[in-house]
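Welcome, and please open the viewer beside this text. We will go from stop to stop, selecting as we walk.

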Amino acid sequence: SYWKNGEGYTLSMSMAEGQELDFKVYYPITKYIAFSAFAGIFWPDEAYIDDPDNYKPKKQFELACQAKF
C-alpha cells in the first residue's frame with residue numbers, strides 16, 4: 001500500500017508482508033562527482049508462508065557513481 005507524505009507517495013508494508021531494513025550512504029567528492037552505496041534486507045512474514053521460494057530473506061546491495069556535466 002502507499003501513503004502520501006509531503007514529497008509524494010511512499011511504499012508502506014503491512015506487518016503480515018514482512019519487515020525491511022535499508023541503509024543508504026551518499027558521499028559527494030566535488031560538486032560534480034559523488035558516490036553512493038545502498039544495502040537492504042527484507043524478511044518476509046506470514047503473507048509469503050505458502051511460497052517457500054519467496055519465504056527466504058532477500059538482500060540487495062548497490063554502488064553508484066554520479067558525474068554531473
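Start by selecting Trp43, which lies in strand S4; strands here are DSSP runs of E with at least two residues, helices are runs of H or I with at least four, and both are numbered from the N terminus. Trp43 counts as partly exposed because its relative accessibility is 38%; buried means under 20% relative accessible area, exposed over 50%, and partly exposed in between, with a 1.4 Å probe and protein chains only. Now show what surrounds this side chain. Setting aside neighbours within four places in sequence, Trp43 is in contact with Glu17, Gly18, Gln19, Leu21 and Pro57, where contact means heavy atoms within 4.5 Å. Draw a distance from Trp43 to Gln19: the C-alpha atoms are separated by 5.3 Å, although the residues are 24 apart along the chain.

A word on what is on screen: this is a predicted model, in which local features need pLDDT of at least 70 and side-chain atom pairs count only at pLDDT 80 or more, while totals for chains, interfaces and linings use all residues. Residues are numbered from 1 along each chain as its sequence is written, and side-chain values use heavy atoms, with hydrogens and water left out.

**The whole chain**

Zoom out and switch to cartoon. You will find five strands and zero helices, so that, by the DSSP runs used here, the elements read β-β-β-β-β from the N terminus on. Of the 69 residues, 10% count as buried. Turn on the surface next: the accessible area comes to about 6,100 Å², and 59% of that belongs to carbon and sulfur atoms. These areas come from the Shrake-Rupley method with a 1.4 Å probe, and for residues only the protein chains shown count as cover. Among contacts between residues at least 6 apart in sequence, 36% join residues at least 24 apart.

**The sheet**

Which order do the strands of the open sheet follow? Three strands form this sheet in the order S3-S4-S5, with antiparallel pairing. S3 and strand S5 (58-67) are the edge strands, each pairing on one side only. The twist averages 10° from one strand to the next; axes are lines fitted to C-alpha atoms (for helices over the stretch in contact), and angles run from 0 to 180 degrees between N-to-C directions. Two strands count as paired if DSSP finds at least two bridges between them.

Select S3 (18-28) and S4 (33-44). These antiparallel strands are joined by 11 bridges, and they form a hairpin with four residues between them. Then move to the other side of S4, where 10 bridges join S4 to S5, again running antiparallel. For a pair across that seam, pick Ala37, which stands opposite Leu63 in S5.

**Stepping along the hairpin**

Go back to S3 and select Asp22, which lies in this strand. Is Asp22 buried or partly exposed? Asp22 counts as partly exposed because its relative accessibility is 39%. The bridge partner of Asp22 in S4 is Gly40; their C-alpha atoms are separated by 4.2 Å, with the residues 18 apart along the chain. Beyond neighbours within four places in sequence, Asp22 is in contact with Phe38, Ala39, Gly40 and Ile41. Continue along S3: Phe23 stands opposite Ala39 in S4, and Lys24 stands opposite Phe38 in S4.

**The turn and its patch**

Next select Tyr32, found in the loop between S3 and S4. Tyr32 counts as partly exposed because its relative accessibility is 46%. Add Tyr27, Ile29, Ile33 and Phe35 to the selection: with Tyr32 they form a nonpolar surface patch of about 520 Å² of accessible area together. Patches are made of residues with over 30% relative accessible area and no salt bridge; like charges are joined within 9 Å, and nonpolar side chains (Val, Leu, Ile, Met, Phe, Trp, Tyr) within 5 Å. A salt bridge is a side-chain nitrogen of Lys or Arg within 4 Å of a carboxyl oxygen of Asp or Glu.

**Last stop**

Finish at Tyr55, in the loop between S4 and S5. Tyr55 counts as partly exposed because its relative accessibility is 36%. Leaving out neighbours within four places in sequence, Tyr55 is in contact with Pro44, Asp45, Tyr48 and Ile49. The C-alpha atoms of Tyr55 and Pro44 are separated by 5.6 Å, and the two residues are 11 apart along the chain.
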